[in-house]
Amino acid sequence: MAHALTYRISFQDRHPVLPANWEIQLLRKNATNPTIIELPAGQAPIIIDKGNSDANTFGPIIGTSATITYTYDIGLPHPNVFIKGVEEDTWMMIILKNGVREFTGFVVPDSNTYPLLHPPYDFQINATDYFQGLKGTTVNLDDDVLFLYDYITWGAFFKRVLFDSLPYDDAVVNLVFSRRPAILSDAATLANALYIHTDILYDFDKGPLFAYDALKNFLLSTGCRIFYSAGAYWVMRIEDMDQTSFTYLQITPDNLDGEVMTDGDTIRYLGTSDPQNDVYYTGRTQRVRVDPALKQQSFIYKLKGINRLTNFDWRDYSVDYFPGWHKPNPGLVLSRYGSGTISDPYKARFSGSGDMSSGQFIWQQFIVKPGQRVELNIKGLIYYTSGIRVAVYIQPLIGGKQYFLSGSEWREGSTPAEDQEIIIAPNSKTNQGSLSITTSPIPSGSGSFYLYLSLPGPKPGDDPVPPGTVIYNEVYPVFLRIYNDTYVEIDTQISNNGVYSYIPDDLEVTFLDTNDNALSNTIYYKEGSDYKPITKDGWVSIKDSTLAAKPIEELMARDRLAAAHIPVENIEGNVLANTLRFHHVVECADINERLMVVRDKYNVLQCLHDVLLVTIMPEGSGDGIYSVTQKTAEE
């Protein structure tokens, strides 16, 4: 969507040595060749506020808000222009410092007030960096109209989760991540050579995740945080802030492969008015605070499989059957409805006869082994039938017992019969029904089994069918996942060997290196046409070759320990600067530490920052025990 510059505010800040020129631009959506009107700056023209409400060092998404102030008077735009009858993307706000973009956001109309007085008076306009907007925006999982269920690169992940969710098309992501799988070639980037499966971005019951949640899951799993600084979204691994310069991968909507770049201007020196410093103490407000050391942190990984069904979403249809599913015998009529998008997926309509003994069903076959588990998710519309009929059974490849699925348990039985079916009954209000089952492990036998999933045609229900009515079931995309192990969850833990007591809440995270290509929790690389999981101990350091290679889940856990393995010194209070940005590292000679910015409320005119700075610990710091526990469904 197009936004056109409509109003502008200009001023110079009051830095005593190097004052900067600032410009605020207010751009209206779908405005056509507006006359640009200059607005007078208020007493505090810009306040930029960055940070989490709890000032947590490990908070993965750090929001930015900007409050601008102009002096309203007769003849100037009334405050209602910005807050009444407008949406959250009506007004774009761009802030420039010396002509370079510092902030891009959108006016939030419901968080503004103005005095009910005769003008002139100052009016404040609040804007955010749109992270809040991601909470109400689902991940874009449509691809050429159809539902995308496939492997995507990290670059495509940022496109679908961030770029496609933002109401402007020139966003930039700077990825600072010094670990990479050793298997990748030197020419490869993390953005074009690492893959995730879109299944991890999709929930069977709710559909696509909200972009905010998908982004948060990625950041927590990789030990990163994201924030807006100097006109870009920075995705920074916390343990990569122990450097004097940053090598980063810049990803844009036009270059999802990313371009390697270096920023050597990352250090800011904090002190008195000594000329070597560019961040100065002011107001005698500075305090040193010590945060407790981490004793223990636990992480929970709930395993999620990739759908094994061919044509699970009914996208392939050929006159009277669905390729990938075995054809039914005559009598069962198959047709397709819907448009194939996330919001309107294809549905397979089953009408006609559904006699199992006459072969009036469709089915797929797989080979499974003892100890594996099967997850099945089906939902659909039930129209004057007894319900959606499902039959799941296993037969040994070579002689032995046969089993059918009853609830979540495998029961011994012979050739499938109607009394062995699972019936998905309709909700009385919606006529829809759903089934979600995770089975007990495949029983031991003489070896592997054939697993069959069959969907028979409909049978009449108990309600009278109006004359001339065709009964049918409509089945939405079907998910069948096969898990290679008996456990459903992996819990990891990092424990500090030091004598400390702080234990934060457990964290639920997503990505881990399991060497299991059946899981969407896995990060993949591509070899030829095959997608292969990153091997354990596959992530090496490109900044320090002495750091041991680790799997991604242990790497992230040890990063947590490193950052807080001893009590951590913080500095909070006011400082004077107009070159300090959120991605910078602050060096403080008074405590002989380097610190990261965790909170910053910046009065631009006065060049005053109210900051919280946290000591950066070198990667690999600390001494602790890492443990892994596999949990079954019964635990």
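These questions and answers cover a helix pair, a sheet, a hairpin and one strand residue in a predicted model.

Q: At roughly what angle do the axes of helix H5 and helix H6 cross, and how is that arrangement classed?
A: H5 spans residues 211-222 and H6 spans residues 552-563. Their axes come within 7 Å and cross at roughly 75°. Angles of 65 to 115 degrees count as roughly perpendicular. H5 and H6 are therefore roughly perpendicular to each other.

Q: How do the residues of the contact of H5 with H6 divide into nonpolar, polar and charged?
A: H5 contributes Leu-220, Ser-221 and Thr-222. H6 contributes Ile-552, Met-556 and Arg-560. The division is 3 nonpolar, 2 polar and 1 charged.

Q: Which strands are the edge strands of the open sheet of 4 strands?
A: The order is S38-S24-S37-S46, with mixed pairing. Neighbouring strands of this sheet are turned by 25° against each other on average, direction ignored. An edge strand here pairs on one side only. The edge strands are S38 (507-509) and S46 (624-632).

Q: In S46, which residue is the bridge partner of Gln-493?
A: Strand S37 covers residues 487-496. S37 and S46 run antiparallel and are joined by 9 bridges. In S46, Gln-493 has as its bridge partner Ser-627.

Q: Which residue in the turn between S39 and S40 has a positive phi?
A: Strand S39 (residues 524-527) pairs with strand S40 (residues 530-533) in the antiparallel sense, over 4 bridges. Tyr-524 has Pro-533 as its bridge partner in S40. The two strands form a hairpin with 2 residues between them. The residue with a positive phi, about 65°, is Gly-528.

Q: Is Asn-473 buried or exposed?
A: Asn-473 lies in strand S35, residues 472-475. Its relative accessible area is 2%. Under 20% counts as buried. Asn-473 is therefore buried.

Q: Which residues does Asn-473 touch, not counting residues up to four places away in sequence?
A: One group of partners is Ala-348, Arg-349 and Phe-350. Another includes Leu-381, Ile-382, Tyr-383 and Thr-385. The list is completed by Gly-387, Ile-388 and Pro-458.

Q: The backbone oxygen of which residue lies 3.1 Å from a polar atom of the side chain of Asn-473?
A: The residue sought is among those that Asn-473 touches. A polar contact requires N or O atoms within 3.5 Å. At 3.1 Å, the backbone oxygen belongs to Gly-387.

Methods
Residues numbered from 1 in each chain as written. Predicted model: local features only at pLDDT ≥ 70, side-chain atom pairs only at ≥ 80, totals over all residues. Heavy atoms only, no water. Axes fitted to C-alpha atoms, helices over the stretch in contact; angles between N-to-C directions. Parallel < 35°, antiparallel > 145°, perpendicular 65-115°, else oblique. Contact = heavy atoms within 4.5 Å. Nonpolar A, V, L, I, M, F, W, Y, C, P; charged D, E, K, R; others polar. Pairing = 2+ DSSP bridges. Buried < 20%, exposed > 50% of the residue type's maximum accessible area, 1.4 Å probe, protein only. Polar contact = N/O pair within 3.5 Å; in protein donor to acceptor, adjacent residues only side chain to side chain.
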